[in-house]
Amino acid sequence: MKQVKIFFIGSLIYGAFALYAYDYKVAKKARQLQKEKRYEEAIAVFETLSDKTKNDYDDQRYMLAAINIAVRFLKNNKKAIQLAERIKNPERRAFVLMSLYKPDVVIEKYKDTDFMAWPEDVRPAAYKNRGCAYSSLKKYENALSDLEKAFTTPGGRPTVKGVAAKTAGDIYLYNIKNEAKAEEMYRNALSVTKAGYSWRNTSLVRLSELLLKNKKNKEALAIYKYTDIKKIRNSHSRSILARAYSKVLAANGENLKALEQLNIALQAAAGKPELKKQIQEEIDKITEDML
């Protein structure tokens with residue numbers, strides 16, 4: 001399995017917080033400075049907002065915005081850590097810092113941390129981050145314990161829970177070799193949302209492959225019920241999903257629908273001759289079976 005990386009810090013920023021005293025007017029000016037590539041000035045605005053607020057929630061949000069600029073645009077992790085260390089609340093400060101550390105440092109610093117003592121909105125993400133760090137270090141039992149807590153702990157964002165469940169499913173499938181638990185965790189990931197996030201698409205594909213392998217063809221068909229593959233924006237994801245769904249449809253004797261999905265995959269594979277060749281071979285095989 002590919003090395004699991006802690007979810008990028010920028011994903012913690014947008015839409016992650018409720019409306020408190022957040023100064024959208026000034027923050028908008030900072031965003032404009034960011035668009036103009038005046039990155040240091042934009043960071044300074046967020047630092048000023050952080051200094052002024054008395055709300056820990058908003059303080060974290062301002063500093064996350066500044067950290068995102070340091071990481072994404074300045075490529076300066078040292079500065080990002082310095083910015084994170086300005087966060088007033090110690091638990092929120094520790095939470096943001098763990099997203100900037102390498103996996104071995106995360107485990108060194110947070111191995112015995114009780115995340116249930118942290119603010120409710122960051123608890124699941126903290127478990128997920130430590131779980132992903134353990135996974136990167138191939139300490140899979142520890143990783144699974146944290147990732148499953150990330151899914152079941154109240155609070156946090158749906159995406160955090162979905163990523164945690166999907167990552168746990170991968171560990172069970174590829175490292176622990178427990179297909180029943182992998183199936184359970186992939187189903188958990190699918191239960192979080194019907195939106196076409198990449199982690200959900202991957203969970204859907206891997207679960208359907210598992211079900212087909214174990215001759216659960218009808219169950220494999222059922223899990224695609226709420227997925228409109230034509231609406232998947234990313235062409236690569238759309239191609240992968242369409243091919244996986246075509247296998248499920250063919251296994252259930254719905255060859256014409258399977259061909260429709262392969263044509264979607266073929267169109268999504270524009271500019272990739274080798275991939276188009278593979279898909280065309282799948283189309284030819286189903287067509288030949290229908291004769």
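Trainee: In which loop is Lys-177 found?

Mentor: This is a predicted model, in which local features need pLDDT of at least 70 and side-chain atom pairs count only at pLDDT 80 or more, while totals for chains, interfaces and linings use all residues. Residues are numbered from 1 along each chain as its sequence is written, and side-chain values use heavy atoms, with hydrogens and water left out. Helices (H or I, at least four residues) and strands (E, at least two) are DSSP runs numbered from the N terminus. In those terms, Lys-177 sits in the loop between H9 and H10.

Trainee: What is the phi of Lys-177?

Mentor: Most residues other than glycine have a negative phi. Lys-177 comes just after H9 and is exposed, with a relative accessible area of 61%, where exposed means over 50%, buried under 20% and partly exposed in between (1.4 Å probe, protein chains only). Although Lys-177 is a residue other than glycine, its phi has a positive value, near 65°.

Trainee: Which residue following H7 has a positive phi?

Mentor: The loop to examine lies between H7 and helix H8 (140–152). The residue in question is not a glycine, and its phi is about 65°. With a relative accessible area of 63% it is exposed, and the residue that follows H7 with this positive phi is Lys-138.

Trainee: How far apart are the end C-alpha atoms of helix H7?

Mentor: Helix H7 covers residues 123–136, which makes 14 residues. The expected span of a helix is 1.5 Å times one less than its number of residues. For H7 that expectation is 20 Å, and it agrees with the end C-alpha atoms, whose separation is 20 Å.

Trainee: How many of the residues of H9 are buried?

Mentor: H9, with 19 residues, reaches 25 Å from its first C-alpha to its last, close to the 27 Å expected. H7 is largely enclosed by the rest of the structure, because 14 of its 14 residues are buried. H9 is also largely enclosed by the rest of the structure, since its buried residues number 15 of the 19.

Trainee: Does Lys-166 count as buried or exposed?

Mentor: Lys-166 lies in helix H9 (residues 158–176). Leaving aside residues up to four places away in sequence, Lys-166 touches Tyr-186, Ala-189, Trp-199, Thr-202, Ser-203 and Arg-206, a contact being heavy atoms within 4.5 Å. At 18% relative accessibility, Lys-166 counts as buried.

Trainee: How far apart in space are Asn-175 and Tyr-140?

Mentor: Asn-175 also lies in helix H9, and at 25% relative accessibility it counts as partly exposed. In sequence, Asn-175 and Tyr-140 are 35 residues apart, whereas in space, C-alpha to C-alpha, their separation is 7.7 Å.

Trainee: Which helix gives the largest share of the largest nonpolar core?

Mentor: A nonpolar core is a set of buried Ala, Val, Leu, Ile, Met, Phe, Trp, Tyr and Cys residues joined through side-chain atoms within 4.5 Å. The largest one has 91 residues, and those with the most contacts inside it are Phe-46, Tyr-110 and Trp-118. The largest share of this core, 9 residues, comes from helix H3.

Trainee: How are H3 and H4 oriented to each other?

Mentor: The axes of H3 and helix H4 (residues 77–84) come within 8 Å and cross at roughly 170°; axes are lines fitted to C-alpha atoms, for helices over the stretch in contact, and angles run from 0 to 180 degrees between N-to-C directions. Angles under 35 degrees count as roughly parallel, over 145 as roughly antiparallel, 65 to 115 as roughly perpendicular and the rest as oblique. H3 and H4 are therefore roughly antiparallel.

Trainee: How many residues of the contact of H3 with H4 are nonpolar?

Mentor: Met-63, Ala-66, Ile-67, Ala-70 and Val-71 of H3 meet Asn-77, Lys-79, Ala-80, Leu-83 and Ala-84 of H4. Ala, Val, Leu, Ile, Met, Phe, Trp, Tyr, Cys and Pro count as nonpolar, Asp, Glu, Lys and Arg as charged, and the others, Gly among them, as polar. The contact thus divides into 1 charged, 1 polar and, as the nonpolar count, 8.

Trainee: What percentage of the residues of the protein chain count as buried?

Mentor: The protein chain has 15 helices and 0 strands, and its C-alpha trace spans about 75 × 45 × 30 Å along its principal axes. Of the 291 residues of the chain, the share that count as buried is 51%.
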